[in-house]
Every structure is written in C-alpha cells, then in structure tokens.
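Here is a colleague's note to read beside the structure, set out as numbered points. Please keep the model open while reading, and look up each residue as it is named.

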Amino acid sequence: MRSICVFCGSSFGRSDEYKSAAEAMGREIAASGRRLVYGGAKVGLMGAVADAALAEGGEVIGVLPKALQEKELAHEGLAELHVVGSMHERKALMADLSDAFVSLPGGTGTMEELFEVWTWGQLGYHEKPCGLLNIGGYYDSLLAFLRHSVTQQFVKPQMHSMLLVENEPKRMIDAFEAYEPPKTPKWIERAET
C-alpha cells in the first residue's frame, strides 16, 4: 500500500474535531511513509489534511478539475497537482493513483466519491480497501442506514463488510493493511459496463 486517498470536505464543518482528525490523518499517512492523494484544494479539511502531511515531510498529490481550480483554491505546495477536465476524470485519476480510500467528514461530494470506489470494489474492479473515519459520530446515521440496506436485502453482508469503519487514523491504516477483499464472484465484468 503505497498511496492512500482521502476524501473530505472543502469546508471545516461545525466541529473543531473534524479539522484535528484531518490533520492527524495527514500526519499518520506521511509518518507511515505513504503518499497522500486528495482533491488538490488548500481550503477546509482538504487543506488541513494536505498541510499536515506536508509538515510531516510526506508526499502529497492533488487532483483538481479546472472548473474548481479557482473556486476551491488550488494548493500550491504539493509534490504534484493534476488539473483535469472534469469530476469524472478527477475521480478516475485519484482511484488510479491510490491503493486505499478513506472518507473523513464531508458533504455530498465526499459521499459520492466514497460510494463510487466502494461500488467499484463490490463489482470486482479493484481489491483496494475503503473506509470511513467516523469522527465524533459524524457517520453514525449513515452507518445505521447501511445496516438497514443489508436487512432489506439490497446490500449483501459481505459487501457491507468491505467498508471499514474506524475513529482514529492509525487504526484505519492498520485496518487497511489487514484488509482482505471478500472472495465472491463478480457480478459483471468491467468490459460489460
């Protein structure tokens, strides 16, 4: 596991705990000798995770759509900043550059990014771990809904268990290292989509 992708908000959210967790995640990724891949902005939790990794001497790669370059204020201190044409290109490149994915608190964009890579894993497109860093119970309601989706038989239990949930960055990285994808048959092949 060389690179960890972090999805998170471009704002700080209501609680100072979210920023502290983003900084801790950035420091932990860098201290573990891994590269941080993220959305490329210098604002909000995105900027906090990048700045913390950089301060720890880590390598940070950002991926930012051209349309958001000014709006999200591109981070200028990164090892690499890839400016791409669309959100689709952003997510595809972040996935290609990463060996694991973690979502910190964020909004609908953060949710969409995580759900896409988690779905790709369920479909067998990759075997990379996906996780939620549940800071201050931020994701409790979402986790309750996901359990409900299993009981209602829309999500298989083994697919649900692919999503790792922790509340500390070090524990998340440890869970990533121990992750073994479920051995289930693919529903469809990538070429069939």
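**Notes on the sheet, its helices and some single residues**

1. Strand 6 (residues 130–133) and strand 7 run parallel and are joined by four bridges; two strands are said to pair if DSSP finds at least two bridges between them. One residue to look up here is Gly131, whose bridge partner in strand 7 is Leu164. Helices and strands are DSSP runs numbered from the N terminus, a helix being H or I with at least four residues and a strand being E with at least two.

2. Before going further, please note that this is a predicted model, in which local features need pLDDT of at least 70 and side-chain atom pairs count only at pLDDT 80 or more, while totals for chains, interfaces and linings use all residues. Residues are numbered from 1 along each chain as its sequence is written, and side-chain values use heavy atoms, with hydrogens and water left out.

3. In what order do the seven strands of the open sheet lie? The order is 4-3-2-1-5-6-7, and the pairing is parallel. Strand 4 (80–84) and strand 7 (163–166) are the edge strands, each of which pairs on one side only. From one strand to the next, the twist averages 25°; angles run from 0 to 180 degrees between N-to-C directions, and axes are lines fitted to C-alpha atoms, for helices over the stretch in contact.

4. Strand 1 is mostly covered, since five of its five residues are buried, where buried means under 20% relative accessible area, exposed means over 50%, and partly exposed lies in between (1.4 Å probe, protein chains only). In a regular strand the side chains alternate between the two faces of the sheet. In strand 1, Ser3, Cys5 and Phe7 point one way and Ile4 and Val6 the other way. In strand 2, Arg35 and Val37 point one way while Leu36 and Tyr38 point the other way, and all are buried.

5. Strand 1 and strand 2 pair in the parallel sense over three bridges. Cys5 has Val37 in strand 2 as its bridge partner, and Ile4 stands opposite Leu36 in strand 2.

6. Two helices can be followed across the sheet. Helix 1 (residues 16–31) lies across strand 1 (3–7), strand 2 (35–38), strand 5 (100–103) and strand 6, running at about 170° to strand 1. Helix 7 (residues 169–178) lies across strand 1, strand 5, strand 6 and strand 7, and runs at about 150° to strand 7.

7. Helix 1 also packs with helix 2 (residues 44–55), at an angle of about 35° and with their axes 7 Å apart. Tyr18, Ala22 and Met25 are among the helix 1 residues that meet helix 2, whose own contributors include Leu45, Ala48 and Val49; contact means heavy atoms within 4.5 Å. The residues of this contact divide into nine nonpolar, one polar and three charged. In that grouping Ala, Val, Leu, Ile, Met, Phe, Trp, Tyr, Cys and Pro count as nonpolar, Asp, Glu, Lys and Arg as charged, and the others, Gly among them, as polar.

8. Is Ser103, found in strand 5, buried or exposed? Ser103 counts as buried because its relative accessible area is 0%. Not counting residues up to four places away in sequence, Ser103 touches Phe7, Thr110, Leu114, Gly131, Leu132, Leu133 and Tyr139.

9. How many disulfides does the structure hold? The number is zero, a disulfide being a pair of cysteine sulfur atoms within 2.5 Å. Cys8 is in no disulfide, and the nearest cysteine sulfur, that of Cys5, is 9.3 Å away. The sulfur of Cys130 is 9.5 Å from the closest cysteine sulfur, in Cys5, and so is too far for a bond. Cys8 counts as buried because its relative accessibility is 7%, and Cys130 counts as buried because its relative accessibility is 3%.

10. Finally, please look at the loop between helix 5 (140–151) and helix 6 (157–160), where Gln153 lies. The phi of Gln153 is near 65°, a positive value in a residue other than glycine. Most residues other than glycine have a negative phi. Gln153 counts as exposed because its relative accessibility is 72%. Val155 is found in the loop between helix 5 and helix 6 as well, and, leaving aside neighbours within four places in sequence, Val155 is in contact with Ser149, Val150 and His160.
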